[in-house]
Amino acid sequence: MTGDRFSAGEQGLGYLYQPRFALLQMLQLPEQTSVFVEKDDDLDFVDVGGRRTLGSLKHKAPGERLTNLSKDFWKSVRIWLRRYGDSGRIESTHRFYLFTTNEVAETSFLKEFFPAGQRSADDPALVTLADAALAETQSELIQKIANDIHTLSEAEQIDFWRRITIFDRAPRIDDIPDLIKDRVMRSIRRECRDFVFERLEGWWHDSVLALLTGKRSLPIYGYELSDKLSALADEYKADNLPITFRGKAPDGEIDTDNDNRLFVRQPREIGISSARIRNAILDYYRAYEQRSQWARENLLVSGELDDYEDRLVDEWSRYRDVVFEKLGCVAESMGEIAENKPLPVEECESGTVPRHAG
């Protein structure tokens with residue numbers, strides 16, 4: 001990153017970090033957990049009992065430290081104070097998590113918010129430590145937040161502070177894919193994990209985008225993620241190949257009247273409809289692109305595609321023979337009917353031709 005004060009690189013990383021970090025967390029939480037993105041905080045996790053955990057994410061430059069008066073912490077506190085008040089204060093079931101790629105400074109009281117340092121509901125120590133830190137600030141922003149805190153009663157301040165947990169040294173955005181592939185995808189063949197992750201994250205981003213644009217009103221549930229991962233994993237089993245071009249179409253218009261490829265000219269010459277020819281072109285495009293992708297991703301065993309094509313030709317020839325026999329039987333029956341002759345049903349495999357012309 002450059003030192004240009006007009007650069008929005010870090011801010012952009014922060015926005016991209018939200019869905020990727022949410023994906024990592026949801027793969028590790030119970031399946032009944034759901035998540036909203038950019039609702040009451042960066043991430044809102046809701047457990048099966050309806051308890052909400054608001055997560056603030058801070059993706060910072062390497063080497064930075066979180067100190068007593070770091071604005072990243074106090075800005076999150078400002079948001080949490082509002083949510084705490086809106087949800088009933090002491091009656092609230094909310095928890096507040098800060099995930100930061102920073103490391104908390106050794107001398108900072110923020111270490112008291114680490115998971116191992118959680119205090120009891122009536123312990124005033126965090127109030128004392130927070131007040132001592134706030135007394136040192138000259139920041140107008142933090143002073144305003146301090147004033148908001150002091151509108152709470154002492155019992156509410158104790159209750160509010162004990163709801164906060166800080167997780168420092170959170171994985172950076174470019175570390176998360178490997179963490180997911182190592183922790184969650186061990187049942188998937190190693191050589192396929194990159195492709196499974198790419199498709200899983202693509203589906204996840206589409207789901208998050210639907211949330212952010214209002215196309216989806218419900219949160220994303222963990223079981224949806226599990227189902228999608230399971231379906232993708234099945235496609236990459238040793239006896240299967242993934243179908244990723246279903247529903248895709250080539251760029252530009254499909255010209256059934258002027259396409260001179262042999263497989264297009266032949267049906268056109270015998271009067272097949274444009275709609276069926278268009279479908280044939282789509283099938284060819286999807287099959288060609290799909291096979292190319294399989295080859296690029298090294299999913300094909302040596303000779304596997306040739307064996308598959310031989311099997312297709314063999315099965316088609318068998319099916320064609322049956323169809324031609326039926327066509328021959330029908331053609332013969334039509335001749336008998338035209339001459340008004342009785343036709344034994346047992347001579348036709350289909351058994352649908354009448355014995356006599358009406």
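1. In which sense do strand 2 and strand 3 pair, and over how many bridges? In this predicted model, strand 2, which covers residues 43-46, runs antiparallel to strand 3, and the pairing extends over four bridges. One residue to look for is Val46, whose bridge partner in strand 3 is Arg52. The two strands make a hairpin with five residues between them, and Gly50, which sits in the turn, has a positive phi of about 90°.

2. Strand 3 also pairs with strand 5, this time in the parallel sense and over six bridges. Here a useful landmark is Ser56, whose bridge partner in strand 5 is Leu98.

3. The surroundings of strand 3 deserve a careful look, since the strand, residues 52-58, is mostly covered, with seven of its seven residues buried. Arg52, Leu54, Ser56 and Lys58 point one way from the strand, while Thr53, Gly55 and Leu57 point the other way, and the residues of both sets are buried.

4. Turning to the aromatic rings, the model contains 18 aromatic pairs. One of them joins Phe73 and Trp74 in an edge-to-face arrangement, with 5.0 Å from centre to centre and 80° between the planes. Phe73 counts as buried because its relative accessibility is 0%, and Trp74 is likewise buried, with a relative accessible area of 0%.

5. Another pair, Phe99 and Phe167, is stacked, with the centres 5.0 Å apart and an angle of 10° between the planes. This pair links distant parts of the chain, for Phe99 belongs to strand 5 (residues 95-100) and Phe167 to strand 7 (residues 164-167), and the two are 68 residues apart. Are the two rings of this pair buried or partly exposed? Phe99 counts as buried because its relative accessibility is 6%, under the 20% cut-off, whereas Phe167, at 27%, counts as partly exposed.

6. Phe73 and Trp74 also belong to one aromatic cluster, whose other members are Trp80, Tyr84, Phe96, Phe109, Phe113, Phe160 and Trp161. A separate detail involving an aromatic ring is found at Phe36, where Lys39 lies over the face of the ring, at 5.1 Å from the ring centre.

7. Gly85 lies in helix 2, which spans residues 71-86. Gly85 counts as partly exposed because its relative accessible area is 34%. The C-alpha atom of Gly85 is separated by 9.8 Å from that of Phe160, although these residues are 75 residues apart along the chain.

8. Helix 8, residues 222-235, has 14 residues and reaches 20 Å from its first C-alpha to its last, which is close to the 20 Å expected at 1.5 Å a residue. Its buried residues are to be found at Gly222, Leu225, Leu229, Leu232 and Ala233. Viewed down the axis of helix 8, the buried residues fall within an arc of 100°, so they line one face of the helix. The general background is that an α-helix has 3.6 residues a turn, so residues three or four places apart point the same way.

9. Finally, some values for the protein as a whole may help to place these details. The protein has eleven helices and eight strands, and 37% of its 358 residues count as buried. Among the contacts with a separation of 6 or more, residues 24 or more positions apart account for 65%.

Methods: Residues numbered from 1 in each chain as written. Predicted model: local features only at pLDDT ≥ 70, side-chain atom pairs only at ≥ 80, totals over all residues. Heavy atoms only, no water. Phe/Tyr/Trp six-rings, centres within 6.5 Å; stacked < 30°, edge-to-face > 60°. Buried < 20%, exposed > 50% of the residue type's maximum accessible area, 1.4 Å probe, protein only. Lys NZ or Arg CZ within 6 Å of the ring centre and 35° of its normal. Expected span 1.5 Å × (residues − 1). Arc of directions from axis to C-beta. Pairing = 2+ DSSP bridges. Contact = heavy atoms within 4.5 Å.
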